Amino acid sequence: GPPGWDNEFGFGLVDFQKALIGSTYSSNTAFNFGVTTSPILNDDIIVVIKVKVPIVGSPVITWQYEDEGVPANGTVSIWQTPNDPAIWTGRFSTLFSGNITFHINGTDSGGNLPELEMNYFKGRSN
(Lines give C-alpha, C1' and ligand atoms only; values in the text may rest on other atoms or scores of the structure.)
Protein backbone atom coordinates (compact mmCIF):
# COMPACT_ATOMS: atom_id res chain seq x y z
CA GLY A 1 0.00 0.00 0.00
CA PRO A 2 0.96 3.66 -0.01
CA PRO A 3 3.31 4.99 2.72
CA GLY A 4 1.68 5.86 6.04
CA TRP A 5 -1.12 4.30 8.07
CA ASP A 6 -4.19 2.67 6.53
CA ASN A 7 -6.79 0.14 7.74
CA GLU A 8 -5.59 -2.66 5.46
CA PHE A 9 -1.80 -2.55 6.03
CA GLY A 10 -1.38 -0.57 9.26
CA PHE A 11 2.17 0.81 9.09
CA GLY A 12 3.43 -2.14 6.98
CA LEU A 13 5.43 -5.28 7.63
CA VAL A 14 7.42 -5.89 10.81
CA ASP A 15 11.20 -5.62 10.40
CA PHE A 16 12.19 -8.48 12.74
CA GLN A 17 15.87 -7.55 12.87
CA LYS A 18 15.05 -4.01 14.02
CA ALA A 19 12.38 -5.31 16.40
CA LEU A 20 14.93 -7.50 18.16
CA ILE A 21 17.42 -4.69 18.78
CA GLY A 22 15.55 -3.83 22.01
CA SER A 23 15.56 -7.43 23.25
CA THR A 24 18.40 -9.80 24.13
CA TYR A 25 21.19 -9.45 21.61
CA SER A 26 24.68 -10.89 21.23
CA SER A 27 27.41 -10.77 18.60
CA ASN A 28 30.79 -12.17 17.64
CA THR A 29 32.95 -12.01 14.49
CA ALA A 30 30.63 -14.39 12.58
CA PHE A 31 27.09 -13.75 13.85
CA ASN A 32 24.67 -11.17 15.20
CA PHE A 33 21.93 -12.91 17.21
CA GLY A 34 18.71 -11.59 18.72
CA VAL A 35 16.02 -13.35 20.77
CA THR A 36 12.64 -12.22 22.02
CA THR A 37 9.38 -13.72 23.23
CA SER A 38 6.53 -13.24 20.79
CA PRO A 39 4.26 -10.36 21.85
CA ILE A 40 1.28 -12.29 20.42
CA LEU A 41 2.05 -15.93 21.28
CA ASN A 42 3.69 -15.78 24.72
CA ASP A 43 4.97 -19.37 24.51
CA ASP A 44 6.87 -18.69 21.26
CA ILE A 45 10.47 -17.50 21.18
CA ILE A 46 11.57 -15.68 18.03
CA VAL A 47 15.21 -15.76 16.92
CA VAL A 48 17.04 -13.78 14.25
CA ILE A 49 20.60 -14.37 13.05
CA LYS A 50 22.55 -12.10 10.76
CA VAL A 51 25.59 -13.87 9.35
CA LYS A 52 28.58 -11.53 8.98
CA VAL A 53 30.70 -13.83 6.78
CA PRO A 54 29.96 -16.14 3.82
CA ILE A 55 28.88 -19.52 5.21
CA VAL A 56 28.41 -23.05 3.90
CA GLY A 57 24.89 -24.38 4.51
CA SER A 58 22.89 -22.77 7.28
CA PRO A 59 23.71 -21.73 10.83
CA VAL A 60 22.60 -24.10 13.58
CA ILE A 61 20.89 -22.82 16.74
CA THR A 62 20.60 -25.13 19.72
CA TRP A 63 18.89 -24.32 23.02
CA GLN A 64 19.04 -25.79 26.50
CA TYR A 65 17.50 -25.17 29.91
CA GLU A 66 16.85 -26.98 33.16
CA ASP A 67 13.26 -27.13 34.41
CA GLU A 68 12.99 -28.27 38.05
CA GLY A 69 16.20 -30.26 37.72
CA VAL A 70 15.24 -31.88 34.41
CA PRO A 71 17.43 -30.81 31.45
CA ALA A 72 15.78 -30.03 28.12
CA ASN A 73 17.45 -29.21 24.81
CA GLY A 74 16.76 -29.01 21.11
CA THR A 75 17.40 -27.25 17.84
CA VAL A 76 15.56 -24.20 16.50
CA SER A 77 14.27 -24.54 12.94
CA ILE A 78 15.38 -21.49 10.96
CA TRP A 79 14.71 -20.14 7.48
CA GLN A 80 16.75 -17.86 5.27
CA THR A 81 15.09 -14.54 4.49
CA PRO A 82 14.48 -14.27 0.73
CA ASN A 83 15.23 -10.52 0.60
CA ASP A 84 18.52 -10.83 2.52
CA PRO A 85 20.36 -14.18 2.41
CA ALA A 86 22.51 -13.12 5.40
CA ILE A 87 19.45 -13.11 7.69
CA TRP A 88 17.90 -16.26 9.15
CA THR A 89 14.79 -16.33 11.32
CA GLY A 90 13.03 -18.99 13.33
CA ARG A 91 10.98 -19.72 16.38
CA PHE A 92 10.18 -22.44 18.85
CA SER A 93 7.48 -22.87 21.44
CA THR A 94 7.92 -23.70 25.13
CA LEU A 95 5.83 -23.27 28.27
CA PHE A 96 9.10 -22.99 30.25
CA SER A 97 9.95 -19.68 31.91
CA GLY A 98 13.49 -18.97 33.09
CA ASN A 99 17.01 -18.97 31.69
CA ILE A 100 17.58 -20.50 28.26
CA THR A 101 21.06 -20.84 26.76
CA PHE A 102 21.44 -20.63 22.99
CA HIS A 103 24.45 -21.76 20.92
CA ILE A 104 24.95 -20.69 17.31
CA ASN A 105 27.34 -22.65 15.09
CA GLY A 106 28.22 -22.56 11.43
CA THR A 107 30.91 -23.24 8.88
CA ASP A 108 32.58 -21.27 6.16
CA SER A 109 34.86 -22.54 3.39
CA GLY A 110 37.72 -22.77 5.90
CA GLY A 111 35.86 -24.83 8.52
CA ASN A 112 34.03 -24.07 11.76
CA LEU A 113 33.17 -20.48 12.64
CA PRO A 114 33.49 -19.26 16.24
CA GLU A 115 30.49 -20.42 18.29
CA LEU A 116 28.26 -17.77 19.79
CA GLU A 117 26.64 -18.49 23.15
CA MET A 118 23.91 -16.34 24.65
CA ASN A 119 21.71 -16.56 27.73
CA TYR A 120 18.10 -15.41 27.49
CA PHE A 121 15.50 -15.06 30.23
CA LYS A 122 11.97 -15.97 29.15
CA GLY A 123 9.24 -14.60 31.37
CA ARG A 124 6.11 -16.44 32.42
CA SER A 125 3.40 -17.14 29.87
CA ASN A 126 0.06 -15.38 30.30
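**Strand pairing in a predicted model**

Modeller: Strand E6 and strand E7 (residues 84-93) pair in the antiparallel sense over 4 bridges. Within that pair, Gln80 stands opposite Trp88 in E7. The model is a predicted one, in which local features need pLDDT of at least 70, side-chain atom pairs count only at pLDDT 80 or more, and totals for chains, interfaces and linings use all residues. Residues are numbered from 1 along each chain as its sequence is written, and side-chain values use heavy atoms, with hydrogens and water left out.

Biologist: What makes E6 and E7 a pair?

Modeller: Two strands pair if DSSP finds at least two bridges between them. E6 and E7 have 4 bridges, and therefore they meet this condition.

Biologist: Why are E1 and E6 said to stand at the edges of their sheet?

Modeller: That open sheet has 5 strands in the order E1-E2-E3-E7-E6, with antiparallel pairing. Strand E1 (24-27) and strand E6 (78-81) each have a single partner strand, so one side of each is left without a neighbour in the sheet. Neighbouring strands in this sheet are turned by 20° against each other on average, direction ignored; the axes are lines fitted to C-alpha atoms, and angles run from 0 to 180 degrees between N-to-C directions.

Biologist: Why is E9 called a strand?

Modeller: Strands (E, at least two residues) and helices (H or I, at least four) are DSSP runs, numbered from the N terminus. E9 covers residues 111-112, and therefore satisfies the minimum for a strand. The chain comes to 1 helix and 10 strands.

Biologist: How do you know which strands E8 pairs with?

Modeller: The bridges show it. E8 (residues 98-108) is joined to strand E4 (residues 56-67) by 6 bridges, to strand E10 (residues 116-122) by 7, and to E9 by 2. Each of these pairs runs antiparallel. Val56 has Thr107 in E8 as its bridge partner, Ile100 has Tyr120 in E10, and Asp108 stands opposite Gly111 in E9. E8 and E9 also form a hairpin with 2 residues between them.

Biologist: What makes a residue count as buried, and what share of the 126 residues is buried?

Modeller: Buried means under 20% relative accessible area, exposed over 50%, and partly exposed in between (1.4 Å probe, protein chains only). Buried residues make up 36% of the 126 residues in the chain.
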